[in-house]
Amino acid sequence: MDWVPIAFGTFKVVALLTAMFFAIKWHYDQGQKYGRQAVLRASAKITGVFVLALLVVGGITLALSNFLGLDLSY
């Protein structure tokens, strides 16, 4: 059983590195295909949506924790 974390950890690292390589390659190819301005505009939109979603989830979490009576002060 000592080999299981090593084998699964190695598989995880290899899978993530492969996925990162193909993601970077795909984004590079899209930049060549559509132009730099379009890629920057799309990435700015995605970043904005991500930040908005992060704020919404944080606000819901804060409201729910206050509703349940959790003490969030230090």
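Helices here are DSSP runs of H or I at least four residues long, strands are E runs of at least two, and both are numbered from the N terminus. With that in hand, show the whole chain as a cartoon: there are 2 helices and 0 strands.

Before you click further, note that this is a predicted model, where local features need pLDDT of at least 70, side-chain atom pairs count only at pLDDT 80 or more, and totals for chains, interfaces and linings use all residues. Residues are numbered from 1 along each chain as its sequence is written, and side-chain values use heavy atoms, with hydrogens and water left out.

**Whole chain**

Stay zoomed out for a moment. The C-alpha atoms fill a box of roughly 50 × 50 × 15 Å along the principal axes. The radius of gyration (over C-alpha atoms) is 21 Å, while a compact globule of 74 residues would be near 11 Å, by a rule of 2.2 Å times the number of residues to the power 0.38. Now switch on the surface: about 7,000 Å² is accessible, and 75% of that belongs to carbon and sulfur atoms (Shrake-Rupley method, 1.4 Å probe; for residues, only the protein chains shown count as cover). Buried residues make up just 3% of the 74; buried means under 20% relative accessible area, exposed over 50%, and partly exposed in between (1.4 Å probe, protein chains only).

**Helix α1**

Select residues 3-34, then show Lys 25 and Asp 29, which sit 4 residues apart in α1, about one turn of the helix. Their side chains meet in a salt bridge, 3.2 Å from N to O, and a search of the whole structure finds 1 such bridge. The term needs a side-chain nitrogen of Lys or Arg within 4 Å of a carboxyl oxygen of Asp or Glu. Both partners are partly exposed: Asp 29 at 34% and Lys 25 at 41%.

**Helix α2 and beyond**

Next, select residues 36-67, helix α2, and find Phe 67 there. Phe 67 is exposed, at 71% relative accessible area. Ser 65, also in α2, is buried at 8%. Which residues does Ser 65 touch, not counting those up to four places away in sequence? Leu 70 and Leu 72, with contact meaning heavy atoms within 4.5 Å.

Step past the end of α2 to Gly 69, whose phi is positive, near 85 degrees.

**Last stop**

Colour Leu 62, Leu 64, Phe 67, Leu 68, Leu 70 and Leu 72: together they form a nonpolar surface patch with about 660 Å² of accessible area. Patches take residues with over 30% relative accessible area and no salt bridge, joining like charges within 9 Å and nonpolar side chains (Val, Leu, Ile, Met, Phe, Trp, Tyr) within 5 Å.
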